[in-house]
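The questions below walk through one protein chain, with each answer worked out from its structure.

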Amino acid sequence: MDSVLEITVHNQNELAGLAQPILDLYGNQKTILFDAPMGAGKTTLIKELCIALGSKDNFSSPTYSIVNEYHYPGGKIYHFDLYRLNNLSELFDLGIEEYLNSNNYCIFEWPNLVEDMINVNYKKIEIEVNGNIRYIRIIKK
């Protein structure tokens with residue numbers, strides 16, 4: 001059964017304060033999916049998650065590289081942007097199974113293609129935007 005926590009954020013600057021509570025919520029699940037429209041703050045929140053984990057790397061959206069790798073004291077963080085992928089074949093060509101089985105953090109933007117492939121419990125973060133307000137749902141799957 002899914003567990004859901006809902007949060008309302010009144011401006012994008014409040015996203016930084018959510019990073020540690022998101023990491024703490026529902027235990028040590030290292031797979032996190034972000035389902036939100038462009039401009040909702042996905043990359044901003046992912047950067048804050050990486051910082052909360054202790055990473056000192058430079059963060060950017062992997063829109064063109066598809067995956068960025070960051071380091072933190074406990075291992076690696078893989079940040080995926082699957083927006084440009086069109087089918088499962090492209091996902092397999094990327095080596096997605098190795099990433100998912102690596103026991104490292106795997107954080108996905110635009111996760112529609114990969115969601116059915118995940119065979120561990122994960123967090124799904126849905127963000128809806130209405131003006132400057134973000135309605136955030138954190139779901140344990």
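Q: In strand 7, which residue is the bridge partner of V129?
A: The model is predicted. In it, strand 6 and strand 7 are joined by eight bridges in the antiparallel sense. Within this pairing, the strand 7 bridge partner of V129 is R134.

Q: Which residue takes a positive phi in the hairpin of strand 6 and strand 7?
A: Strand 6 covers 123-130 and strand 7 covers 133-140. The hairpin has two residues between these strands. The one with a positive phi, near 65 degrees, is G131.

Q: Which residue in strand 7 stands opposite E6?
A: Strand 1 spans residues 3-9. Strand 1 and strand 7 run antiparallel and are joined by seven bridges. The residue of strand 7 opposite E6 is R137.

Q: Which strands stand at the edges of the sheet?
A: The sheet is open, has seven strands with mixed pairing, and follows the order 1-7-6-2-5-4-3. An edge strand here has a single partner strand, so one of its sides is left without a neighbour in the sheet. The strands placed this way are strand 1 and strand 3.

Q: What is the average twist from one strand to the next?
A: The strands in question form the open sheet with the order 1-7-6-2-5-4-3. From one strand to the next, the twist averages 15 degrees.

Q: Which residue in strand 5 does F80 stand opposite?
A: Strand 4 and strand 5 run parallel, with five bridges between them. Across this pairing, the residue that F80 faces is F108.

Q: What angle does the direction of helix 2 make with that of strand 5?
A: Helix 2 packs on the sheet and touches strand 2, strand 3, strand 4 and strand 5. Its buried residues pack against those four strands and also against helix 1. Relative to strand 5, the direction of helix 2 makes an angle of about 170 degrees.

Q: What distance does helix 2 reach from its first C-alpha to its last?
A: Helix 2 is made of residues 42-53, 12 residues in total. At 1.5 Å a residue, 16 Å is expected. The reach in the model is close to that, at 17 Å.

Q: Which element gives the most to the largest nonpolar core?
A: The largest nonpolar core has 24 residues, and L49 is among those with the most contacts inside it. Contributors of at least two residues each include helix 1, strand 2 and helix 2. With five residues, the element that gives the most is helix 2.

Q: With which residues is L49 in contact, leaving aside its neighbours within four places in sequence?
A: L49 is one of the buried residues of helix 2. The elements packed against those buried residues include helix 1, strand 2 and strand 5. Beyond its sequence neighbours, L49 is in contact with A19, I22, L23, I32, F34 and I107.

Q: How many residues apart in sequence are the parts that the pair of F59 and Y70 ties together?
A: By the ring-centre rule, the model has six aromatic pairs. F59 and Y70 form one that is edge-to-face, at 4.9 Å centre to centre and 70 degrees between the planes. F59 lies in the loop between helix 2 and strand 3, whereas Y70 lies in strand 3, so the parts tied together are apart by 11 residues.

Q: Is Y70 buried or exposed?
A: A residue counts as buried under 20% relative accessible area. F59, its ring partner, has 22% and is therefore partly exposed. Y70 has 3% relative accessibility, so Y70 counts as buried.

Q: Which residues form one aromatic cluster?
A: Y78 and Y99 pair edge-to-face, with 4.7 Å centre to centre and 70 degrees between the planes. Y78 lies in strand 4 and Y99 in helix 4, so this pair ties together parts 21 residues apart in sequence. The full cluster is Y78, F80, Y99 and F108.

Q: Is N103 buried or exposed?
A: Both I66 and N103 have a positive phi although neither is a glycine. I66 has a relative accessible area of 11% and is buried, in the loop between helix 2 and strand 3. N103 sits in the loop between helix 4 and strand 5. At 59% relative accessibility, N103 counts as exposed.

Technical notes
Residues numbered from 1 in each chain as written. Predicted model: local features only at pLDDT ≥ 70, side-chain atom pairs only at ≥ 80, totals over all residues. Heavy atoms only, no water. Expected span 1.5 Å × (residues − 1). Buried < 20%, exposed > 50% of the residue type's maximum accessible area, 1.4 Å probe, protein only. Contact = heavy atoms within 4.5 Å. Phe/Tyr/Trp six-rings, centres within 6.5 Å; stacked < 30°, edge-to-face > 60°. Core = buried A, V, L, I, M, F, W, Y, C linked by side-chain atoms within 4.5 Å. Pairing = 2+ DSSP bridges. Axes fitted to C-alpha atoms, helices over the stretch in contact; angles between N-to-C directions.
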